[in-house]
Amino acid sequence: MQKQQQVEADHSTLAVSTVKQKPVPLRWYRWRQRVALPYLFLAPFLLLFMLFFILPLGYALGISLFADRLVGGTVFVGGQNYLQAFQDSSFWEGVRHMLLFMVVQVPVMLGLALTFALLLDSGVTKLRTLFRLGFFLPYAIPSVVAALLWGYLYSPNFGPFAQIASSLHLPAPGFLTDSGMLASIGNIVTWQWTGYNMIILYAALQAIPPELYEAALVDGATGWKVARYIKIPLIAPVLVLACVLSIIGSLQLFNEPSIMATLAPNVIGDHYTPNLYAYNLAFNDQQYNYSAAISFTLGAIVFVCSYIFMLATNRGRLR
Amino acid sequence: MAISVNTPVSREVHAGQMKRTRWTRQSLATTFLLVFLVYFVLPFFWLIVSATKTNPELFTSFGLWFASDFNLFKNLGDLFTHDGGVFLTWLWNTAYYATCTAVGAALIATIAGYAFAKFQFPGRTLVFAIILGSIMVPSTALAIPTYLLLSKIGLINTPLAVILPFLVSPFGVFLMRLYAQQAVPDELLDAARVDGAGEIRIFWSVAFRILVPGFVTVLLFSFVATWNNYFLPLLVLSDPTYYPLTLGLASWNAQASANGGAQLLFTLVLTGSLVSILPLIVAFLFLQRYWQGGLTLGSIRS
């Protein structure tokens with residue numbers, strides 16, 4: 001504290017020698033120190049953040065309020081695009097896929113990740129490093145490559161599952177059919193992201209001080225009870241964060257269905273997920289305004305979903 | 001609870017039982033994990049096996065084992081010469097985009113995170129809350145408007161169109177703020193101030209050195225995000241000479257699937273996939289400390 005004052009005093013006397021009045025340079029110095037300097041450090045980030053986050057968001061909102069008319073060109077239509085989206089069965093079919101996917105895939109993936117993390121943390125196996133690296137490996141590859149890989153594995157022509165089935169005189173499993181597609185995509189995402197979530201949860205578990213559950217172990221609590229009543233509550237915030245990030249991820253599904261579309265074009269049309277729909281509207285139909293309205297609605301749904309989830313899980317706990 | 005543990009015999013029995021149940025539990029858990037290890041590693045194994053096969057063998061031989069002749073080097077040769085060696089261009093593009101983005105994003109996030117951690121200024125809480133909130137907005141919802149904006153200023157179909165949007169890493173700022181809070185002591189900065197160093201110099205020559213591990217973590221994650229990115233390049237790049245690997249491989253895959261006759265492309269896609277994932281796997285194996293550190297840091301929130 002004293003040092004700080006001294007520095008400021010030094011500076012003000014320095015300033016006094018050039019400018020005569022004392023309070024003004026002091027205020028200027030303070031302003032520089034408290035406002036200008038921090039914002040100078042933030043400037044590169046904030047500038048790009050404005051350009052590539054705020055501006056596109058605002059722009060999307062803006063053009064979503066207009067429509068291209070055959071007569072009269074681009075005209076302001078207010079909320080009409082949003083109204084159209086609400087009545088658009090293609091959009092809702094995508095939303096239905098997306099929500100179904102989210103409700104099944106996220107719990108399965110996080111359940112597996114939590115199980116693995118608890119097992120590794122409990123020291124019940126000696127091959128910890130092998131499992132950690134092996135499970136995490138799929139995260140390191142592009143989701144496009146993951147989708148390509150699994151797409152080939154699913155293939156009814158040369159996929160190993162179909163080969164095994166045919167050698168047993170069974171019909172090839174319908175991974176790429178109407179009924180199997182969503183599960184097949186869910187499997188790709190689970191395969192790719194379980195290890196990543198496991199590492200996050202494992203790190204949180206390792207950060208728990210052992211004293212917190214040593215007493216329970218001495219009292220004869222089983223590993224499962226320790227996990228259920230001590231470890232899981234302690235890592236709940238991390239679990240919530242992982243959940244929110246997974247929900248966001250699953251709601252913006254695009255890469256996997258777009259790769260699968262090349263392998264099974266009849267199953268995945270142009271609106272299998274809302275994201276795919278927005279993409280096709282913009283780039284195949286040139287309906288930029290409507291596409292922006294869809295993108296914006298999708299963004300709002302995701303934001304609201306994750307916000308509600310955060311609120312619901314934060315209830316009764318201090319921030 | 002058993003009260004009879006005092007007699008030596010029962011204690012021995014008890015210990016023996018415990019040892020046995022412990023052993024069963026261990027082997028059960030290990031078996032369970034091994035089953036999943038197979039699940040996670042099997043596609044990689046299939047990829048390696050498939051990259052050694054010729055096109056016909058891909059269809060005729062069993063997928064999970066090697067075919068009679070080992071064709072990997074021929075496939076690699078084909079991969080790098082097909083279509084005038086365009087694969088090498090894609091590889092170079094990907095490395096170039098990923099490096100520029102990673103270095104830029106990590107640097108910008110480090111500077112911003114440091115400012116949030118070490119300065120008190122008006123608007124700090126609000127600005128940080130907006131940045132955190134932006135993590136929840138899906139990046140794909142932004143991609144189409146970003147494309148439209150970029151096309152307005154004529155940046156479409158240039159490397160900048162892929163690099164610039166990815167320089168913004170809200171999660172990186174979040175991570176670096178946490179890291180700077182924990183790693184850089186205020187006393188050190190005050191000491192430097194007393195010595196008369198300016199704030200910018202203090203950052204570069206005092207704080208940044210301490211922040212390097214966090215910087216590398218953000219660098220690594222940005223690198224992976226750009227290396228693996230598909231959606232934005234798909235929108236903003238139309239010239240194949242600017243394609244990154246993901247886009248290139250997907251375009252070959254689309255060609256191969258569209259005209260079933262062009263089966264040569266299937267082996268190219270598979271061999272190309274294998275080559276494209278090797279650098280990241282190597283990076284992750286060698287930089288374990290950094291990504292695990294970063295994920296740990298992200299988890300000590302709350």
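A residue counts as buried here if 20 or more other C-beta atoms lie within 10 Å of its own. Keep that in mind as we look around this predicted model, starting with a helix that puts the idea to good use.

**A helix tucked away**

Take helix α12 of chain A, residues 255-263. Of its 9 residues, 7 are buried, so the helix is largely enclosed by the rest of the structure. The buried ones are N255(A), E256(A), P257(A), S258(A), I259(A), M260(A) and L263(A). What sits over them? The cover includes α6 (143-154), α8 (181-206) and α13 (274-283) of chain A, together with α10 (231-236) and α11 (245-258) of chain B. In other words, helices from chain A and from chain B both take part in covering α12(A).

**How chain A is laid out**

Chain A is divided into domain 1, covering 2-63, and domain 2, covering 82-314. The C-alpha centres of these two domains of chain A lie 43 Å apart.

Chain A also has a hairpin. Strand β1 (residues 66-69) and strand β2 (residues 73-76) of chain A pair in the antiparallel sense, over 4 bridges. Within that pairing, A67(A) stands opposite V75(A) in β2(A). The hairpin has 3 residues between its strands, and G72(A) takes a positive phi near 95 degrees.

**Meet chain B**

Chain B has 13 helices and 0 strands, so to speak an α pattern repeated from one end of the sequence to the other. Of its 302 residues, 41% count as buried. If you look at contacts in chain B between residues at least 6 apart in sequence, 73% of them join residues at least 24 apart.

**Where the chains meet**

The contact takes 73 residues from chain B and 74 residues from chain A. On the side of chain B that touches chain A, helix α1 (residues 8-50) of chain B gives the most, with 12 residues. Sorted by class, that side of chain B has 50 nonpolar, 18 polar and 5 charged residues.

**The nonpolar core**

The largest nonpolar core has 168 residues, and A117(A), L201(A) and A112(B) touch the most other members. Helix α8(A) gives the most to this core, with 16 residues. The core also draws at least three residues from each of domain 1 (2-63) and domain 2 (82-314) of chain A. In soluble globular proteins, nonpolar side chains tend to be buried together.

Which residues does A112(B) touch, leaving aside its neighbours within four places in sequence? They are F41(A), L42(A) and F45(A) from chain A, plus V173(B) from chain B.

**Three residues worth a look**

Here is how three single residues compare with the burial cut-offs.

| Residue | Where | C-beta neighbours inside 10 Å | Counts as |
|---|---|---|---|
| A282(A) | helix α13 of chain A | 23 | buried |
| H169(A) | loop between α7 (160-167) and α8 of chain A | 6 | exposed |
| D83(B) | helix α3 (residues 72-118) of chain B | 11 | exposed |

A282(A) touches Q287(A), Y288(A), S291(A) and I144(B), not counting residues up to four places away in sequence. Its C-alpha is 23 Å from that of M50(A), and A282(A) and M50(A) are 232 residues apart in sequence.

The other two rows have a backbone quirk. Most residues other than glycine have a negative phi. H169(A) is not a glycine, but its phi is positive, near 60 degrees. D83(B) is not a glycine either, and has a positive phi of about 55 degrees.

**How sure is the predictor?**

For the complex, the predictor gives an ipTM of 0.82 and a pTM of 0.83. Chain B has a mean pLDDT of 83, and 88% of its residues reach 70 or more. Among the elements of chain B, helix α6 (residues 159-163) has the highest mean pLDDT, 92, while helix α13 (residues 288-299) has the lowest, 66. Over residues 1-10 of chain B the pLDDT is below 50, and this stretch has 4 contacts in the model beyond near neighbours in sequence.

Definitions and conventions
Residues numbered from 1 in each chain as written. Chains lettered and ligands numbered in written order. Predicted model: local features only at pLDDT ≥ 70, side-chain atom pairs only at ≥ 80, totals over all residues. Domains from an automatic or database assignment. Buried ≥ 20, exposed ≤ 12 C-beta atoms within 10 Å, placed from the backbone. Helix = DSSP H or I, 4+ residues; strand = E, 2+ residues; numbered from the N terminus. Contact = placed C-beta atoms within 7 Å. Pairing = 2+ DSSP bridges. Nonpolar A, V, L, I, M, F, W, Y, C, P; charged D, E, K, R; others polar. Core = buried A, V, L, I, M, F, W, Y, C linked by C-beta atoms within 7 Å. pLDDT = per-residue confidence, 0-100.
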